[in-house]
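Hi,

Here is the structure I said I would pass on. Have a look at it first, and my notes follow underneath.

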Amino acid sequence: MTLSGSGKPITEADERRSARGGAISMFVDSFDVYLPAFVLPAAMGYFLPPGLPVEARATFTTLLFTIGLLARPIGSVIFGNLSDRIGRKRVTMISGWGFTIITLVMGLLPGYELMGFGAITLFAILRLVGGIFLAGGYSAPIPLALEQAKPERRGRIGGLIGMGAPASVLGVNLLIFVLLESFSHDGFLTWGWRIPFIVGFVLGVAYLMHYRKVVEDESVYEQRRASGRKQPVVELFTTHRALIFSVFLFTCGYWFTAQMSVSFLPTLLVQVLDVSPQLTTTVEMISSVVTIAAILGMAVLGQRIGRRKLLMRAALVITVAVSGSFLLLAVTVPAGAPAWFIVLLGIIAKATPSAPLGVILVYLNERFPASVRASGYGIGYMFGLILPGLYTFWLLGLSALMPYEYGPIVLVLLGGVLMFFAVRRGPETNPPATADAEVRAPAAEA
């Protein structure tokens with residue numbers, strides 16, 4: 001049992017509340033992150049003039065999503081350092097209010113008719129600022145939830161946190177599916193697309209109300225500041241350079257595969273392969289359910305056999321299965337593939353990369369000592385997004401060498417190979433020889 005800064009014992013109920021907070025954080029964060037990827041393919045007519053080529057529309061759509069991703073490494077430095085310096089809970093509240101308010105403002109924006117390209121420019125600026133705040137949703141509540149978890153329960157809690165991402169994708173797509181069926185095309189473009197952003201705001205407020213009750217031992221941060229230690233980010237890039245580079249390579253590979261499957265696939269299906277938004281939303285919903293089950297199953301398995309071992313095997317499966325699914329979609333959809341076959345390939349492409357997410361969250365947190373855990377986890381996780389986050393430009397460049405729809409195959413193959421070799425060179429962390437005490441009770445560190 002650890003103690004809060006006020007001397008109040010942190011009970012098992014507090015630990016469960018922290019774990020729920022981490023899971024809800026992942027849900028709300030993913031909801032806000034992926035809104036543009038799912039809403040904009042059907043709503044870009046509100047922000048863009050008619051008559052633009054298909055590739056230009058797809059580029060604008062993915063660019064708006066990419067801007068938010070590229071802002072998150074900036075936020076990981078700011079909020080990761082603060083999380084290790086002033087406390088996880090404080091940073092969670094600051095960043096949470098930031099991205100919650102910005103989500104609401106995005107849902108109130110005017111369109112091309114009123115502002116021309118100024119509307120989409122303003123959307124991009126809000127995505128940039130929102131992405132910085134969203135990084136705090138990874139750098140603070142997730143490390144705290146895992147630090148307060150018993151070692152034998154850490155894998156399961158990582159799975160519960162990880163399933164928040166596909167659960168939010170399921171929620172977004174259920175909402176979009178209902179809106180597309182309920183509104184005319186013009187009605188959806190006028191204001192129907194705004195509803196998911198308003199829902200995101202309400203979810204954010206509810207999450208913050210819950211997190212107010214999370215208990216944290218604040219004395220450890222006071223001790224670190226009083227001891228005159230280096231800033232956590234400085235310590236990370238001086239004492240732990242090799243570790244952060246290893247984590248960066250792994251997450252870079254993971255994000256190459258994940259961005260193609262989670263972020264780009266809806267754009268590919270709707271705007272490039274001319275699949276209906278309704279069928280694409282069906283793919284998203286079914287694959288989200290499959291992914292939730294897969295994340296929980298793999299989290300339990302990783303706790304038993306070792307997280308490193310599981311991640312090496314998962315990287316090989318991702319390389320083969322996901323690249324094969326994208327290849328079959330590119331070949332068969334233009335030839336008139338039946339709906340069930342498109343759904344099947346979509347499920348494989350989307351669920352496979354996300355299945356080890358819960359294991360990844362725990363594995364990355366376990367690799368860093370407590371004094372730089374939020375900085376290392378947040379920066380390692382988010383800086384891995386930089387190159388994959390430019391996938392809009394990689395795909396455009398690859399389109400000079402091959403048809404546009406074949407570009408994702410190359411990026412998935414690259415990502416899977418990077419994942420495998422990066423984790424192969426790393427240690428096993430389940431259980432690490434001496435890290436259980438660090439992960440379980442960071443307050444013990446001076």
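I'll start with a pocket, and keep in mind that this is a predicted model. Helix H9 is the top contributor to the lining of the second largest pocket, giving three residues. H9 covers 185-190, and two other helices, H1 (12-43) and H14 (277-305), also supply at least two lining residues each.

If you want to click through the lining, go to Pro 41, Ala 42, Gly 45, Leu 180, Phe 183, Ser 184, His 185, Phe 188, Leu 189, Pro 277 and Gln 278. What is the character of that lining, by nonpolar, polar and charged residues? Seven are nonpolar, four are polar, and no charged residue takes part. The volume of this second largest pocket comes to about 180 Å³.

Now the chain as a whole. You'll see 22 helices and two strands in the protein chain. Its radius of gyration is 21 Å, close to the 22 Å that the globule rule gives for 446 residues, so the chain is as compact as a globular protein of that length. Along the principal axes, the C-alpha atoms fill a box of roughly 60 × 45 × 35 Å.

As for packing, 60% of the 446 residues are buried. Among contacts with a separation of 6 or more, 86% are between residues 24 or more positions apart. On the outside, the chain exposes about 16100 Å², and 70% of that is supplied by carbon and sulfur atoms.

Cheers

Definitions and conventions. Residues numbered from 1 in each chain as written. Predicted model: local features only at pLDDT ≥ 70, side-chain atom pairs only at ≥ 80, totals over all residues. Heavy atoms only, no water. 1 Å grid on protein atoms, 1.4 Å probe; cavity = no way out; pocket = protein on both sides within 12 Å on 5 of 7 lines; lining within 4 Å. Points joined across faces, edges and corners; volume = space filled by probe spheres on them. Helix = DSSP H or I, 4+ residues; strand = E, 2+ residues; numbered from the N terminus. Nonpolar A, V, L, I, M, F, W, Y, C, P; charged D, E, K, R; others polar. Rg over C-alpha atoms; globule rule 2.2 N^0.38 Å. Buried < 20%, exposed > 50% of the residue type's maximum accessible area, 1.4 Å probe, protein only. Contact = heavy atoms within 4.5 Å. Areas by Shrake-Rupley, 256 points an atom, 1.4 Å probe, with all protein chains shown as cover.
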